[in-house]
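This report considers how aromatic rings are arranged in a protein and where empty space is left among its atoms. Please keep the sequence and the structure in view while reading.

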Amino acid sequence: MNTQNTPVHVRLWHRDFWLMSIANMLLAMSVYILVPSFPVWLLETESYTQQEVGLAMGAFAVGLYVFGFFCSWLVQRFRRNRVCIYSIAAMIASISILYYVQGLTRYYVEFWVIVLQRVLMGATFGLAQMVLSSTLIIDTSESDKRTEANHSAAWFSRFAMSLGPVVGLLMFYYKNFDAVLLASIFCAACAILLVLTVNFPFRTPSETVSVVSLDRFLLKGSLPLFVNLLLISMAIGLVMSLGLSERFYAFIMVGFLLALMAQRFVFREAELKSEIVSGLILLLAVFIMIYTRPLPVVWYIAPLLLGLSVGIICSRFLLFFIKLSRHCQRGTSQSTFFLGWETGIALGLGMGYAFFLNDDKGLLWTTMALTVAALMMYNHYTHKWFLTHKNR
């Protein structure tokens, strides 16, 4: 039987690893805090059309790729922790643009400013996240525990998908959008402070590194995995555009915790294919449940199952990317997984607001179609392709 299990080592969880993992979560939270309230602000306060809001949300996906080709050169040419810190600081500056224009001057924000801000935020977040996950977190771990380190640290950024919207919605409902922006800035600033507390030894820059390369950016030959993950994350992004409550996101966190338990006890020695297939079936069940049973109890069960399915799917896809990489490509595999997931979320949010703002049924039909397509692709092609091409 083709099984795979990720062991747990207590020695991995030392001070520096904890600090980098929490910084990873706070950085992701600073982005996800804006997800539920930012489109509402654009629609209700700035009076943008649904197509403009969708374009603004989707522009974030474009920004993720702006600095990717230069990531390896930046890390080699400058201190890697400083690249991360300056990237997060630039992200804070991009958020502060909105706070200044809307919060302090109360001027109407031009649409091009919104699009530019989203691209800049995506670009700086993408660079910071790629350096943090593909380099800094790996540098704090021993060589024989780096797969476990990647797997564990990714869970912290996954928690941000639940915690960020909860904080953002509470700030939006009980304060205002200015408070949401300040909360986002605060999380990013805390991430900088945590990175500053860890000492990373100086490494002599390589003289042969190219200014433009795919290293630490996109893993060559991973297109089937990337597309399969993209289909899934687009479906999740579409659902996140439904205007979900803070209670819904809180129950997603419960589902994440169940996914952690399921990995240790249910799928511990299960066949390798079982996690993603089971997760996609659960995900499809969630969308069918929301579509056909709009009862109060559904809004407790659906997010729990959503968190469970996303947790087991993402964990396995991340390990697949790592197993697909060759020697010294671990960081590149991390960045490719991150880009596949965040691109899909941003595109799903953009599609949801641009095309399905007042059409929940059409949106749910689209999520179901994407999930079925992802399941068919994985079951009939991607899994066999992975077994043939894996390198670890």
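The following paragraphs treat aromatic pairs, a cavity, a loop residue and two pockets in turn.

**Aromatic rings**

The structure is a predicted model. A pair of aromatic rings is described by the distance of the centres and the angle of the planes. In this model, the count of aromatic pairs comes to 27. One of them joins Trp 13 and Trp 18, whose ring centres lie 5.0 Å apart with 50° between the planes, a tilted arrangement. Trp 13 has a relative accessibility of 27% and therefore counts as partly exposed. Trp 18 is likewise classed as partly exposed, because its relative accessibility is 41%. Another pair consists of Phe 172 and Phe 177, which meet edge-to-face, at 6.5 Å from centre to centre and with 90° between the planes. Phe 177 has a relative accessible area of 5%, so this residue is buried; the limit for a buried residue is under 20%.

Trp 13 and Trp 18 also belong to one aromatic cluster, together with Phe 17, Trp 155, Phe 156, Phe 159 and Phe 256. A member of this cluster, Trp 155, has Arg 158 over the face of its ring, at 4.6 Å from the ring centre. In a further case, Arg 77 is placed over the face of Phe 78, at 5.2 Å from the ring centre.

**The largest cavity**

Rolling a probe the size of a water molecule over the atoms shows where empty space is left. How many cavities of 30 Å³ or more does a search of the whole structure find? The search finds four. The largest cavity holds about 240 Å³ of space. Its lining comprises 17 residues, and those closest to the centre are Ala 154, Ser 157, Phe 337, Phe 338 and Glu 342. Four helices each contribute at least two lining residues: H1 (15–32), H6 (111–139), H7 (146–174) and H13 (330–355). Sorted by class, the lining of this cavity contains ten nonpolar, five polar and two charged residues.

**A residue between two helices**

Ser 141 is found in the loop that lies between H6 and H7. Is Ser 141 buried or exposed? Ser 141 is buried, because its relative accessible area is 6%. If neighbours within four places in sequence are left aside, Ser 141 is in contact with Leu 12, Phe 17, Arg 146 and Ala 149. Among these contacts, Phe 17 is also a member of the aromatic cluster described above.

**The two pockets**

The table gives the volumes of the largest and second largest pockets.

| Pocket | Volume |
|---|---|
| Largest pocket | about 370 Å³ |
| Second largest pocket | about 220 Å³ |

The largest pocket is lined by 17 residues, and Ile 138, Arg 146, Cys 328, Arg 330 and Gly 331 lie nearest its centre. H6 and H13 each supply at least two residues of this lining, and H6 gives the most, with four. The lining of the largest pocket is made up of two nonpolar, seven polar and eight charged residues.

For the second largest pocket, 18 residues form the lining, with Pro 36, Val 40, Leu 242, Gly 243 and Tyr 353 nearest the centre. Helix H2 (38–44), H7 and H13 are the elements that give two or more residues to this lining. H7 gives the most, with three residues. By class, the lining of the second largest pocket has 13 nonpolar, four polar and one charged residues.

Technical notes. Residues numbered from 1 in each chain as written. Predicted model: local features only at pLDDT ≥ 70, side-chain atom pairs only at ≥ 80, totals over all residues. Heavy atoms only, no water. Phe/Tyr/Trp six-rings, centres within 6.5 Å; stacked < 30°, edge-to-face > 60°. Buried < 20%, exposed > 50% of the residue type's maximum accessible area, 1.4 Å probe, protein only. Lys NZ or Arg CZ within 6 Å of the ring centre and 35° of its normal. 1 Å grid on protein atoms, 1.4 Å probe; cavity = no way out; pocket = protein on both sides within 12 Å on 5 of 7 lines; lining within 4 Å. Points joined across faces, edges and corners; volume = space filled by probe spheres on them. Nonpolar A, V, L, I, M, F, W, Y, C, P; charged D, E, K, R; others polar. Contact = heavy atoms within 4.5 Å.
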